[in-house]
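Welcome to a set of short exercises on reading a protein model. Try each task on your own before you look at the solution.

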Amino acid sequence: MQGIEVAFEGTVVAAAELRTAKSGREWLSFAVNVPVRDDQVERVSVAAFAGHIRELAPELRADVRVYVQGKASVRRWQGCDGQLQACLSIVAEIVQPLGLIGESRPKRARTSKAPKSKPDVNAPLPFNDPIPF
């Protein structure tokens with residue numbers, strides 16, 4: 001196994017974006033604020049390529065708590081001001097929204113069934129076995 005494996009919880013910064021690479025492969029991009037000290041957070045960029053990313057995308061909106069597990073790397077680039085910038089990036093293997101208890105979920109389509117008739121309490125019992133004593 002190569003790379004740095006990480007797992008963390010945090011809050012989604014803005015709605016996740018479903019993107020398409022030049023190869024045609026879809027991937028999900030979003031940022032997560034991870035608490036590190038009392039009032040401090042670190043922003044982490046996350047990319048997810050596998051799993052049910054199309055179904056997951058609408059659930060990852062701003063302020064949703066999320067659990068992420070994957071491989072970490074540091075991206076470096078030179079900013080417009082000439083300063084060297086760095087960002088922690090994760091290629092996620094697991095992305096799980098947290099705290100969705102109580103959220104509205106899609107309702108199942110109801111099937112219409114004929115109402116069951118009440119049993120006749122005065123009807124004879126369905127068996128006629130002699131009871132040996």
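**Exercise 1.** Is Asp-63 buried or exposed, and what can be said about its phi?

*Solution.* Keep in mind that this is a predicted model.
Step 1: the relative accessible area of Asp-63 is 64%, and the cut-off for exposed is over 50%, so Asp-63 counts as exposed.
Step 2: find its place. Asp-63 sits in the loop between helix H1 (53-56) and S5.
Step 3: look at the backbone. Most residues other than glycine have a negative phi. Asp-63 is not a glycine, yet its phi is positive, at about 75 degrees.

**Exercise 2.** Find how many helices and strands the protein has, and write down their pattern along the sequence.

*Solution.*
Step 1: count the elements. The protein has one helix and six strands.
Step 2: read them along the sequence, which gives β-β-β-β-α-β-β.
Step 3: add a view of the whole chain. The protein has 133 residues, and 23% of them count as buried.
Step 4: turn to the contacts. Taking contacts between residues at least 6 apart in sequence, 55% join residues at least 24 apart.

**Exercise 3.** Describe the largest pocket: what is its volume, and which residues line it?

*Solution.*
Step 1: the volume of the largest pocket is about 170 Å³.
Step 2: list the lining, which is made up of Arg-19, Trp-27, Ser-29, Ser-45, Val-46, Ala-47, Ser-73, Arg-75, Ser-89, Ile-90 and Val-91.
Step 3: match the lining to the elements. Those that give two or more residues to it are strand S3 (26-35), strand S4 (41-48), strand S5 (65-78) and strand S6 (84-97).
Step 4: sort the lining by class, and you find five nonpolar, four polar and two charged residues.

**Exercise 4.** Take two serines from the pocket lining, Ser-29 and Ser-89, and work out the surroundings of each.

*Solution.*
Step 1: Ser-29 belongs to strand S3. Its relative accessible area is 17%, and buried means under 20%, so Ser-29 is buried.
Step 2: set aside residues up to four places away in sequence, and Ser-29 touches Ala-16, Glu-17, Arg-19 and Val-46. Of these, Arg-19 and Val-46 also appear in the pocket lining.
Step 3: Ser-89 is part of strand S6. With 12% relative accessibility, Ser-89 counts as buried too.
Step 4: beyond its neighbours within four places in sequence, Ser-89 is in contact with Ser-45, Lys-71, Ala-72, Ser-73 and Arg-75.
Step 5: look at the side chains. Those of Ser-89 and Arg-75 make a polar contact of 2.9 Å.

**Exercise 5.** Which residues does Arg-54 contact beyond its neighbours within four places in sequence, and what joins its side chain to that of Glu-26?

*Solution.*
Step 1: Arg-54 is in helix H1. Its relative accessibility of 48% makes it partly exposed.
Step 2: leaving out neighbours within four places in sequence, Arg-54 is in contact with Leu-18 and Glu-26.
Step 3: the side chains of Arg-54 and Glu-26 are joined by a polar contact of 2.2 Å.
Step 4: compare sequence with space. Arg-54 and Arg-19 are 35 residues apart along the sequence, and their C-alpha atoms are 10.0 Å apart.

**Exercise 6.** Where in the chain are Arg-25 and Gln-83, and what do they touch?

*Solution.*
Step 1: Arg-25 is in the loop between strand S2 (17-20) and S3, and at 48% relative accessibility it is partly exposed.
Step 2: not counting residues up to four places away, Arg-25 touches Arg-19, Thr-20 and Phe-49. Arg-25 and Phe-49 are 24 residues apart along the chain, with 8.1 Å between their C-alpha atoms.
Step 3: Gln-83 is in the loop between S5 and S6. Its relative accessible area is 48%, so Gln-83 is partly exposed.
Step 4: apart from neighbours within four places in sequence, Gln-83 is in contact with Trp-77 and Gln-78.

**Exercise 7.** How many disulfides are there, and is Cys-80 buried or exposed?

*Solution.*
Step 1: a disulfide needs two cysteine sulfur atoms within 2.5 Å, and the count comes to zero.
Step 2: Cys-80 has a relative accessible area of 91%, so Cys-80 is exposed.
Step 3: Cys-87, at 14% relative accessibility, is buried.

Note on methods. Residues numbered from 1 in each chain as written. Predicted model: local features only at pLDDT ≥ 70, side-chain atom pairs only at ≥ 80, totals over all residues. Heavy atoms only, no water. 1 Å grid on protein atoms, 1.4 Å probe; cavity = no way out; pocket = protein on both sides within 12 Å on 5 of 7 lines; lining within 4 Å. Points joined across faces, edges and corners; volume = space filled by probe spheres on them. Helix = DSSP H or I, 4+ residues; strand = E, 2+ residues; numbered from the N terminus. Nonpolar A, V, L, I, M, F, W, Y, C, P; charged D, E, K, R; others polar. Buried < 20%, exposed > 50% of the residue type's maximum accessible area, 1.4 Å probe, protein only. Contact = heavy atoms within 4.5 Å. Polar contact = N/O pair within 3.5 Å; in protein donor to acceptor, adjacent residues only side chain to side chain.
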